[in-house]
Number of protein chains: 4
Amino acid sequence: MTKLEQRRKEMVTSVMREGIYEAVVEVLTEHGLDGLTMDRVAAQAGVGKASLYKYFANKQEMLRFVHAKAIEPVTAAVQTHLKSDIPADQKLRAILRTWFEHLGEHQVLFNLFCNDFGVEGLLKSEELTEQERALQDISNVLEEGVRSSVFRKVDTARTSLLIFGAVRQLVEQQLANDETWPTDELTEHVMDFFSRGLQVR
Amino acid sequence: MTKLEQRRKEMVTSVMREGIYEAVVEVLTEHGLDGLTMDRVAAQAGVGKASLYKYFANKQEMLRFVHAKAIEPVTAAVQTHLKSDIPADQKLRAILRTWFEHLGEHQVLFNLFCNDFGVEGLLKSEELTEQERALQDISNVLEEGVRSSVFRKVDTARTSLLIFGAVRQLVEQQLANDETWPTDELTEHVMDFFSRGLQVR
Amino acid sequence: MTKLEQRRKEMVTSVMREGIYEAVVEVLTEHGLDGLTMDRVAAQAGVGKASLYKYFANKQEMLRFVHAKAIEPVTAAVQTHLKSDIPADQKLRAILRTWFEHLGEHQVLFNLFCNDFGVEGLLKSEELTEQERALQDISNVLEEGVRSSVFRKVDTARTSLLIFGAVRQLVEQQLANDETWPTDELTEHVMDFFSRGLQVR
Amino acid sequence: MTKLEQRRKEMVTSVMREGIYEAVVEVLTEHGLDGLTMDRVAAQAGVGKASLYKYFANKQEMLRFVHAKAIEPVTAAVQTHLKSDIPADQKLRAILRTWFEHLGEHQVLFNLFCNDFGVEGLLKSEELTEQERALQDISNVLEEGVRSSVFRKVDTARTSLLIFGAVRQLVEQQLANDETWPTDELTEHVMDFFSRGLQVR
DNA sequence: TATGAATGAGCTTTCATTCAT
DNA sequence: AATGAATGAAAGCTCATTCAT
């Protein structure tokens, strides 16, 4: 019984948090980060303002949740690729495509995540970790590739920074200009470049 | 006399603006962009709040000034390299080194410039152009390199995004971790990577 | 339910706005228009400053409300007299008495309405129309009186200015000196004067 | 010598005050009462801001002076008429014409004097006295007229209020609408009205 | 003496957070 | 349990007045 009630409560909480998540995304899309007031979120979510504080300790926590939830599918997809049984270069390609796909989809939200959310430490601790995980993932793939002689010997830590930064910039450019580039083309272009570099053969 | 007075006034204004500039940097370092209040700037600068408005029409103008002043030496150095009479790959190397040097120096400030200042139209029109200029510069060098067969034929626009993004990410990593990597090493690493890519020879 | 809640809310809002109205009047009485700060209004009303903004979009709206609420009973009473079925001179008399009665009551507030509120666009569009309406009303009565030969032929537009100005000045004098003259006596005096003029019969 | 110096100083003071007077009028015309800042006055007068405080104790005193100076010619002209040796009705006519002439001329300034300057007691004590003097003047003429049987017996105090208020309203209307009515016509209209009233003969 | 630089005190407005219902 | 009303604290900005030069 107690357990059942707890179950139910957790369900409710979960549903509410998702509703709030969507409201936040909506408000961010419409009013930007500076226009993200608790009032607006509550109104958009169709709940009382005070209720937001039943599900999140404060605005910062709410944003953290939103961030995590938004990034989650990307992380999941990437993990799947990481665990798959394909050569390192294929893994890298798959990861890049995953990034391009998701970031292109969610447009405004990811635009905010890349540009605004470093601000003032709203998410600092979490978000950096997030980014760090992405870097770690790439780094792992690189190491694997180096080990299996698919890639030449490189400083994997720094090289993963190069790759991540490059991808991020590409997406940012897309979003900033409201363009949508074909995911495959982008991926191939990056892969091609990172494979061969600038060198004339 | 009038001219002399004007001269003196300009000096004073200039000195004050620099003082305020430094105060802003200090406050940004300590409290972040959202913690950058006029009160704090005034306190840090050791002047009355109202005085700030004698030297800048409003907060936005102040930030514009700070931004311009901070970015100026980088821009200048890059322009110098661009005009110099060296092969494209040397130019690219020089530009990259310039970025690493300056961004490493000013730490927090440039960290903010890369992440925060696009926010909410604080500097919108100007700042975007700033980043775009950087991209254009790299793009030009790439084109020059392609023309002179120093580089292989690449999509210069997108490739400049790759390079800029990579550099930005490297610097960000440095600043985030409060580390300082040797400029030369960084430059060579990036150049090496972008030259040869990941491919096993 | 929803309807009931709405009803209640409207009541609360209405009560609050009236409370604020009275606070404004009080502050105006004590500190004048330039001393009418939101802080003082809030303090006088016994609410937080921010609460004022729950009931009025901004200071200007608040003043508009105060103005409307204060002027409303006068306007209403005058309209009633205008529509009544009595000779023009009786109508004029009734209107004048109405003015004297109400203006005498609200003292400081109406003093401000006549002198201050045209200032600087606080109520600009509305308030000018207000005074103009009063003039129009008098003008209409005069025209009616002229048509029915109760009054001699006069330039009704200008004459209404004369009458309105005279009444206004009388009230102003009263308020300035904190005197209270009997309404009837005042009315009769004015009517008598405007009827016969200065001429020796 | 001391006396001479004093003389010279008084001259300078006088000249400066007049210059400031004109600057104030200019600023009032251009920016309204709320736009009348000491900065603007100083700039318009071509003197340092601090200098204003050499010639006036504070803003309020400055405004008092401006008011007095603006009203002075009217007062003077009226006094002349009062002392002249003509029948009371002629005197009244002359005074009215004087008012219409001057008030029509100075447009903006007198518009402000009639509408804005009661605000917050900027000039209260002085200005009321000013107005009271005007009323006294009219009252005296009326009394004289009554004594000499030019006017019928009226309550001169209140009647002077009627007349003054009427004139004021006429001028206000003119200024508010940026119209200019012929002085003579206005005067005759008022005189005619106040002589005969509304009564059908 | 004349001044412009400096500023304290104060303005309107906003919003995350609380709390009585 | 859910909420909207209430608000303290803080923001950007202004201006009459002073004071060192």
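Contacts to DNA strand F and helix H1 of chain D

User: Which phosphate contact does D:Met38 make with DNA strand F?
Analyst: A polar backbone atom of D:Met38 is 2.9 Å from a phosphate oxygen of DNA strand F; a polar contact here is a pair of N or O atoms within 3.5 Å. This is a predicted model, where local features need pLDDT of at least 70 and side-chain atom pairs count only at pLDDT 80 or more, while totals for chains, interfaces and linings use all residues. Residues are numbered from 1 along each chain as its sequence is written, chains are lettered from A and ligands numbered from 1 in written order, and side-chain values use heavy atoms, without hydrogens and water.

User: Which side chain of chain B reaches a phosphate oxygen?
Analyst: B:Lys59, with a polar side-chain atom 2.4 Å from a phosphate oxygen of strand F. For C:Ser51 the corresponding distance is 2.6 Å.

User: How many residues surround the strand?
Analyst: 31, with A:Ala50, A:Ser51, B:Lys49, B:Lys59 and C:Tyr55 the closest; near means a heavy atom within 4 Å. Of the atoms of strand F that come within 4 Å of the protein, 60% belong to sugar and phosphate.

User: Switching to chain D, how far does H1 reach?
Analyst: H1 covers residues 2-31, 30 in number, and spans 42 Å from first to last C-alpha, close to the expected 44 Å. That expectation is 1.5 Å times one less than the number of residues, and a helix is a DSSP run of H or I with at least four residues, numbered from the N terminus.

User: Which of its residues are buried?
Analyst: D:Ile20, D:Tyr21, D:Ala23, D:Val24, D:Val27 and D:Leu28, buried being under 20% relative accessible area (1.4 Å probe, protein chains only).

User: What comes just after H1?
Analyst: D:Gly32, with a positive phi of about 75 degrees.

Note on methods
Helices (H or I, at least four residues) and strands (E, at least two) are DSSP runs, numbered from the N terminus. Buried means under 20% relative accessible area, exposed over 50%, partly exposed in between (1.4 Å probe, protein chains only). A polar contact is a pair of N or O atoms within 3.5 Å; within protein, one must be able to donate a hydrogen and the other to accept it, and residues adjacent in sequence count only if both atoms are side-chain atoms.
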